[in-house]
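Dear colleague,

Please find the structure we spoke about just below, with the sequence alongside. My notes on what was found in it follow, and they are best read with the model open.

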Amino acid sequence: MRYYFYTIPVGVPFTANGRRSRTSGRASIAISQSRQPLPPAEPSFTDDEALQHIDALYRTALRLTRNPADAEDLVQDTYLRAFRFREQFVAGSNLRAWLFKILSNTAISRFRHTSHDRDNTSLDDIEEAALYPQLANGAARLPESAEEEALGGILDIDVRRALEELPEPFKLVVVLSDVAGFSYKEIADMIEVPLGTVMSRLFRGRRILRRALADYARQSGRVTEESAP
Amino acid sequence: MNCTEVVTLLEQYVDRELSSEEIKEVQAHLDACPPCLTLFHFEASMPRLVHRACNESAPESLKQRILSQRS
């Protein structure tokens, strides 16, 4: 459960199981920082250490690309870049966050390359109804109590579908938070946006998800309008 | 903390982004306020569902391909 709290030593970016910590920060993600290269004889991380994170990177890439072939391509590209720029990683800092920063930057770059007709930074100022077709029809919206009921029987495949249909900036933040388990600050450092923007995109992304899932449930007959008080 | 204050902090509480002092205050309120506790469970459900639904493992062939292309 996400609301299980525990003490995390200062300076340790992640807990043993890789979950988020509020103690890690910009210093741990140093891909863009200039520094003296490490001697070649002392690699900052081993291949095995890097490959320990391949499952988390892959499931993140799956949501961002929506298909296994592109996800594999994105993860492979991420690792090849990480190995190529290995000397830029600060030994002892957060390798997992560093790899995810490379993956996020690569994904953002690819998305911008293939999306010519939309300025995604402006999405932060757009109402949710304009972002998600299911929200456009006010009559299709369910009250919160019905949304909660719908979520009780929701299928994993529906969650993945709704997540993949989120607009890109919201999807990236929701995936980095709720799939990969990064903190707000780590995400802000990773995708280089203000902390408040991360929070706004995360909260709005989850609201859009919740309503989309409730809408799936209504369409499938698991929840009816009459079930709402 | 009153209900309004707790509600504004609830998502950050779910995400473990509050200070230890704020956590104590929110926990104390939730212990005493069933409506806010219900809302907390509602807010906590979405990230939990997403985490549960996204649990795929990378194909072994991908790992081998990465290692072979590295060298």
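I would begin with helix α3(A), in which A71(A), E72(A), L74(A), V75(A), Q76(A), D77(A), T78(A), Y79(A), L80(A), A82(A) and F83(A) are buried. Please keep in mind throughout that this is a predicted model. The helix runs over residues 68–84 of chain A, and its 17 residues reach 24 Å from the first C-alpha to the last, close to the 24 Å expected at 1.5 Å a residue. At its start, a side-chain oxygen of N67(A) comes to within 3.2 Å of the backbone nitrogen of A69(A).

Chain A as a whole contains 11 helices and 0 strands, so that term for term its pattern along the sequence reads α-α-α-α-α-α-α-α-α-α-α. Of its 229 residues, 55% count as buried. If one takes the contacts in chain A between residues at least 6 apart in sequence, 73% of them join residues at least 24 apart.

A residue that illustrates the packing inside chain A is L64(A), which is found in helix α2 (residues 54–65). L64(A) counts as buried because its relative accessible area is 11%, where the cut-off for buried is under 20%. Leaving aside residues up to four places away in sequence, L64(A) touches L103(A), A107(A), E168(A), K171(A) and L172(A). Its C-alpha atom is separated by 16 Å from that of R206(A), a residue 142 places away along the chain, and R206(A) returns below in connection with the interface.

Turning to charged pairs, a search of the whole structure finds 15 salt bridges over all chains. One of the pairs within chain A is D47(A) with R86(A), whose closest N and O atoms are 3.0 Å apart. Because D47(A) lies in helix α1 (residues 47–51) and R86(A) in the loop between α3 and α4 (95–114) of chain A, this pair ties together parts that are 39 residues apart in sequence. Both D47(A) and R86(A) are buried.

The interface between the two chains comes next. The contact takes 40 residues from chain B and 44 residues from chain A, and the area buried between them is about 4,200 Å², of which carbon and sulfur atoms give 60%. Across this interface the rule finds 6 salt bridges, and it also finds 14 residue pairs in polar contact, with both residues at pLDDT 80 or more. On the side of chain B that touches chain A, the elements that give two or more residues are α1 (3–14), α2 (20–32), α3 (34–53) and α4 (60–70) of chain B. The largest share of that side, 15 residues, comes from α3(B). By type, the residues on this side of chain B divide into 18 nonpolar, 11 polar and 11 charged.

Among the salt bridges that cross the interface, two involve R206(A). The side chains of D15(B) and R206(A) meet at 2.8 Å, N to O, while the closest N and O atoms of R206(A) and E11(B) are 3.3 Å apart. The latter pair runs from helix α11 (residues 195–220) of chain A, which holds R206(A), to helix α1 of chain B, which holds E11(B). Both R206(A) and E11(B) are buried. Salt bridges that share partners join D178(A), R206(A), E11(B) and D15(B) into one network.

A further salt bridge is formed by R52(B) with D156(A), with 2.9 Å between the closest N and O atoms. This pair also crosses between chains, from helix α3 of chain B, where R52(B) lies, to helix α8 (residues 156–164) of chain A, where D156(A) lies. Are these two partners buried or exposed? R52(B) counts as partly exposed because its relative accessibility is 42%, and D156(A) is likewise partly exposed, with a relative accessible area of 26%.

Helix α8(A) also has buried residues, namely D158(A), V159(A), A162(A), L163(A) and E164(A). The buried residues of α8(A) pack against α2, α9 (168–179) and α11 of chain A together with α3 of chain B.

With best wishes

How values were computed. Residues are numbered from 1 along each chain as its sequence is written. Chains are lettered from A and ligands numbered from 1 in the order in which they are written. This is a predicted model: local features need pLDDT of at least 70, side-chain atom pairs count only at pLDDT 80 or more; totals for chains, interfaces and linings use all residues. Side-chain values use heavy atoms; hydrogens and water are left out. Helices (H or I, at least four residues) and strands (E, at least two) are DSSP runs, numbered from the N terminus. The expected span of a helix is 1.5 Å times one less than its number of residues. Buried means under 20% relative accessible area, exposed over 50%, partly exposed in between (1.4 Å probe, protein chains only). A polar contact is a pair of N or O atoms within 3.5 Å; within protein, one must be able to donate a hydrogen and the other to accept it, and residues adjacent in sequence count only if both atoms are side-chain atoms. Contact means heavy atoms within 4.5 Å. Buried area is the accessible area (1.4 Å probe) that two parts lose on being put together, summed over both. A salt bridge is a side-chain nitrogen of Lys or Arg within 4 Å of a carboxyl oxygen of Asp or Glu. Ala, Val, Leu, Ile, Met, Phe, Trp, Tyr, Cys and Pro count as nonpolar, Asp, Glu, Lys and Arg as charged, and the others, Gly among them, as polar.
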